[in-house]
Amino acid sequence: DLAVMFSNHDDTYDVSYRTKNATRDDWLFIRARGVHVDSACLGRVSLVVYTTEGDSVGGLEHRLGTEVLARETDVRYDELTGLQMFNCFLDKVQLRMDMRRGRGTSIIYLDIADMKSINALDGLDVGNKVILRTGEALASVFGSESCSRASADRFVAMCPTISAAGMVGRAVDAASRTHDLRTMHVHVGIYDVQDIDDSAVVAYDRAKWAATVDAGTHTSTVARFDRAMSKDMEIDSYVRTNIDTAINNGDIRVWYQPIVDARNFDVGRYEALSRWFKEPGEMLSPVSFMSTLESSHACAKLDTFVMKSVANESARRIANKKIPSAFSLNISRVDFSEVNVARELSRILDSVGVPHDKVAVEITESAAEADTRALINQINKLHDNGFSVWMDDFGTGLSSLGALYHLNFDLVKLDMGLIR
């Protein structure tokens, strides 16, 4: 009763109780302390935590915490699924984590893998029905007040860590049956909150990261966030934050790898390769920083830097009459959908007087698989401006020989794995 009165007033709440210890012949002293938490989404929420001799009393804390949370009146809901809005959910997760001292709660992130194809092939109405049914499936497993639609086809839920594996298994099974004619696939990430300093946003980000580990597979996946993922996430954050500084300070350097003609062993040209030195003696893997730059749509920064470096090096070699003075460089698949590559590369080479036939543009096979029509348009523009265009690492993806014909590459570099 005192806790309920506290939740309806602005008074302080600090009460001590004593009760007979059930296991020993003495008294158990309990202290109850309350705070009001103002949330933009939930309004004012009252939280009372019970402790005894410095330790939290889990049963009492959980029971009252649930009762107090039920007094929320300003929760908003998603129009399509009826689940609570994402920001409201995060507020609730944070309160749950605060009550449990950051332990015993797991955050679940779920991404529907097939939504783009469903919307394209079956229509938006069918896609919305899948999203609605997925929300209903999650609500049936985790409870409607313990899950939310984070955005589009992505959902998030919370549950006790001890029950996470079983509940996730049931959720994946239920989500697979949300389409009338096909089996749905989902990618799920789990983060078990352990650090008292974790925030709800951090917990969500880590669960989301775990879900992306196997997101490229065409089946349902479940992954738990671990130490290796934590390191990858740190690198991702570092790359996003420091790309501009790294370019300006010279931490990213362009190395030139000779391309040798197997017929006479002459060096015909050089391939420009990016290398990022994070600290003295520590070099970031190109795979790690390129994936981050692509996902953050920041590849143009790096590619422009490499174009300028190649242009200056080629101009220097031409002026000094050094052979060869020709180069090739890789362009990210993201740039082909966001940048007029032919125009940008022409502008940079023309500024230092380098002929266009001195530079070949390499395109990865994965870029060729993404959007063939857009890529054909970009390749045609490159050819019209005097550049040769190569396919890099053919054999690592799913491209067919027919695709090579339509894309009109001047040269195809075979992946070593295709030859072995």
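Buried, as used here, means under 20% relative accessible area. By that yardstick Asp236 is buried, because its relative accessibility is 10%. Keep in mind that this is a predicted model, so every value below is computed from predicted coordinates.

**Salt bridges**

Let's stay with Asp236 for a moment. Asp236 forms a salt bridge with Arg240, and the closest N and O atoms are 2.8 Å apart. Both residues sit in helix α8 (residues 227-249), four residues apart, which is about one turn of the helix. The partner isn't tucked away like Asp236: Arg240 is partly exposed, at a relative accessible area of 41%.

That pair is one of 15 salt bridges in the structure. Here are three of them, with the closest N and O distance for each.

| Pair | Closest N and O atoms |
|---|---|
| Arg133 and Asp180 | 2.7 Å |
| Asp192 and Arg224 | 2.6 Å |
| Asp236 and Arg240 | 2.8 Å |

What does the Arg133 and Asp180 pair tie together? Arg133 belongs to helix α5 (residues 124-142), while Asp180 is in the loop between α6 (164-175) and β8 (186-192), so the bridge joins parts that are 47 residues apart in sequence. As for solvent, Arg133 is partly exposed with 27% relative accessibility, and Asp180 is exposed with 55%.

The pair of Asp192 and Arg224 also links distant parts of the chain, with Asp192 in strand β8 and Arg224 in strand β9 (residues 221-224), 32 residues apart. Asp192 counts as buried because its relative accessible area is 15%, under the 20% cut-off. Arg224, at 33%, is partly exposed.

Beyond these pairs, there's a network of salt bridges that links Glu271, Glu362, Asp392 and Lys413. Keep Glu362 in mind, since that residue turns up again among the contacts of Leu329.

**Helix α10 against helix α12**

Now for some helix packing. Two packed helices are described by the angle between their axes and the distance between the axes. For α10 (residues 299-319) and α12 (residues 341-352), the axes come within 9 Å and cross at roughly 35 degrees. The crossing is right-handed.

Which residues meet there? On the α10 side you'll find Thr304, Met307, Lys308, Ala311, Asn312 and Ala315, and on the α12 side Val341, Glu344, Leu345, Ile348, Leu349 and Val352. Sorted by class, this contact has eight nonpolar, two polar and two charged residues.

**Around Leu329**

Leu329 lies in strand β13 (residues 327-330). Is Leu329 buried or exposed? Leu329 is buried, with a relative accessible area of 1%. Setting aside residues up to four places away in sequence, Leu329 touches Ala272, Val306, Met307, Val310, Leu345, Val359, Ala360, Val361 and Glu362. Two of those names are familiar from the helix contact: Met307 in α10 and Leu345 in α12. Glu362, also on the contact list, is the residue from the salt-bridge network.

One more distance, if you like checking C-alpha geometry: Leu329 and Ile363 are 34 residues apart in sequence and 8.8 Å apart in space, C-alpha to C-alpha.

**Cysteines**

What about disulfides? The structure holds zero of them. Two cysteines are worth a look for their accessibility. Cys147 is buried, at 0% relative accessibility. Cys299 is buried too, with a relative accessible area of 1%.

Definitions and conventions: Residues are numbered from 1 along each chain as its sequence is written. This is a predicted model: local features need pLDDT of at least 70, side-chain atom pairs count only at pLDDT 80 or more; totals for chains, interfaces and linings use all residues. Side-chain values use heavy atoms; hydrogens and water are left out. A disulfide is a pair of cysteine sulfur atoms within 2.5 Å. Buried means under 20% relative accessible area, exposed over 50%, partly exposed in between (1.4 Å probe, protein chains only). Axes are lines fitted to C-alpha atoms, for helices over the stretch in contact, and angles run from 0 to 180 degrees between N-to-C directions. Helices (H or I, at least four residues) and strands (E, at least two) are DSSP runs, numbered from the N terminus. A crossing is left-handed if the near helix is turned anticlockwise from the far one by less than a right angle, and right-handed if clockwise. Contact means heavy atoms within 4.5 Å. Ala, Val, Leu, Ile, Met, Phe, Trp, Tyr, Cys and Pro count as nonpolar, Asp, Glu, Lys and Arg as charged, and the others, Gly among them, as polar. A salt bridge is a side-chain nitrogen of Lys or Arg within 4 Å of a carboxyl oxygen of Asp or Glu.
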